[in-house]
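This report describes the overall form, the pockets and the nonpolar cores of one protein model. Please keep the sequence and the structure at hand while reading.

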Amino acid sequence: RMLRNTERQVRATHAELRRLSLMRTDFLRIALHNLQSPIGVVTMFLNNMQTGLGGDLTEKQADWVARSLSRLRGVKGFMHDIKMLSTLESGRIEAEAEDVDVGLMLGDLVAEHQDLARQSGHSLKLELEGQLPPVRGIQLLLREAVANYITNAVKYTAQNGKIVVRAHARPTTVRIEVTDNGVGISPEDQERLF
């Protein structure tokens with residue numbers, strides 16, 4: 001009888017912990033959704049100010065705007081990480097899969113990283129070979145993977161480098177490549193990559 005009572009208590013505790021975990025995940029998803037819009041609007045206004053759309057800025061104002069945009073990028077990165085954690089933690093990751101337009105996704109990523117590439121004097125371009133079929137996957141994770149390759153290419157390529165993001169269809173897959181003319185990885189380290 002004691003074992004049955006203990007088992008019931010463990011099951012009830014487990015069910016309660018699961019319920020609380022789902023509540024936390026739902027709260028995070030709602031909070032992130034509600035924060036994205038105001039952060040996007042503030043970023044847009046600051047970008048407008050930085051490009052002089054509202055008139056010329058003093059040197060001090062331009063510095064404040066640049067620092068604010070840098071902080072907002074940090075907040076957006078933090079929100080992105082929380083969203084990723086929430087998705088992975090939910091256990092419903094397969095349910096998140098959808099048809100992803102790879103060409104559109106890569107175009108967005110290249111556009112988003114142009115400023116970073118320009119700061120290092122790099123050229124960053126996109127090459128799509130033919131019509132790409134949609135790919136079944138989780139867009140957030142695909143974007144994250146390709147973004148990591150692009151940022152690494154920007155970071156580890158010498159000044160005035162050439163970075164190319166390309167994609168081409170294979171019979172049953174779409175191949176995405178990020179190439180650069182950086183230092184690369186030494187042959188002995190390549191053996192340890194995977």
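Which residues lie nearest the centre of the largest pocket, and how many residues line that pocket? In this predicted model, the lining of the largest pocket is made up of 28 residues, and Arg73, Lys76, Gly77, Glu112 and His113 are those that lie nearest its centre.

**Pockets**

Helix 1 (2-50), helix 2 (59-89), helix 3 and helix 4 are the elements that give two or more residues to the lining of the largest pocket, and helix 2 provides the largest share of that lining, with 9 residues. In the second largest pocket, the residues nearest the centre are Tyr149, Asn152, Val178, Asp180 and Ile185. At least two residues of the lining of this second pocket come from helix 4 and at least two from strand 5 (174-180), with helix 4 supplying the largest share, 7 residues. The table sets out the volume and the lining of each pocket.

| Pocket | Volume | Lining residues | Nonpolar | Polar | Charged |
|---|---|---|---|---|---|
| Largest pocket | about 1300 Å³ | 28 residues | 9 residues | 11 residues | 8 residues |
| Second largest pocket | about 680 Å³ | 19 residues | 12 residues | 4 residues | 3 residues |

**Nonpolar cores**

The largest nonpolar core holds 18 residues, of which Leu106, Leu109, Leu124 and Ile150 touch the most other members. Helix 3 (102-119), helix 4 (139-156) and strand 4 (162-169) each contribute at least two residues to this core, and the largest share, 6 residues, belongs to helix 3. When neighbours within four places in sequence are left aside, Ile150 is in contact with Leu109, His113, Leu124, Val165 and Val178; of these partners, His113 is also among the residues nearest the centre of the largest pocket, while Val178 is among those nearest the centre of the second largest pocket. A second, separate core has 7 residues, including Leu32, Ile39, Val65 and Met79.

**Overall form**

The protein contains 5 helices and 5 strands, which follow one another along the sequence in the pattern α-α-β-α-β-β-α-β-β-α. Its radius of gyration is 22 Å, well over the 16 Å that the globule rule gives for 194 residues, so the protein is more spread out than a compact globule. Along the principal axes, the C-alpha atoms fill a box of roughly 75 × 50 × 35 Å, and 24% of the 194 residues count as buried. Of the contacts in the protein with a separation of 6 or more, 71% are between residues 24 or more positions apart.

Conventions
Residues are numbered from 1 along each chain as its sequence is written. This is a predicted model: local features need pLDDT of at least 70, side-chain atom pairs count only at pLDDT 80 or more; totals for chains, interfaces and linings use all residues. Side-chain values use heavy atoms; hydrogens and water are left out. A nonpolar core is a set of buried Ala, Val, Leu, Ile, Met, Phe, Trp, Tyr and Cys residues joined through side-chain atoms within 4.5 Å. Buried means under 20% relative accessible area, exposed over 50%, partly exposed in between (1.4 Å probe, protein chains only). Helices (H or I, at least four residues) and strands (E, at least two) are DSSP runs, numbered from the N terminus. Contact means heavy atoms within 4.5 Å. On a 1 Å grid over the protein atoms alone, a cavity is a set of points where a 1.4 Å probe fits but cannot get out, and a pocket is an open set with protein on both sides within 12 Å along at least five of seven lines; lining residues have an atom within 4 Å of a point. Grid points are joined across faces, edges and corners, and a volume is the space filled by probe spheres set on the points. Ala, Val, Leu, Ile, Met, Phe, Trp, Tyr, Cys and Pro count as nonpolar, Asp, Glu, Lys and Arg as charged, and the others, Gly among them, as polar. The radius of gyration is taken over C-alpha atoms; the globule rule is 2.2 Å times the number of residues to the power 0.38.
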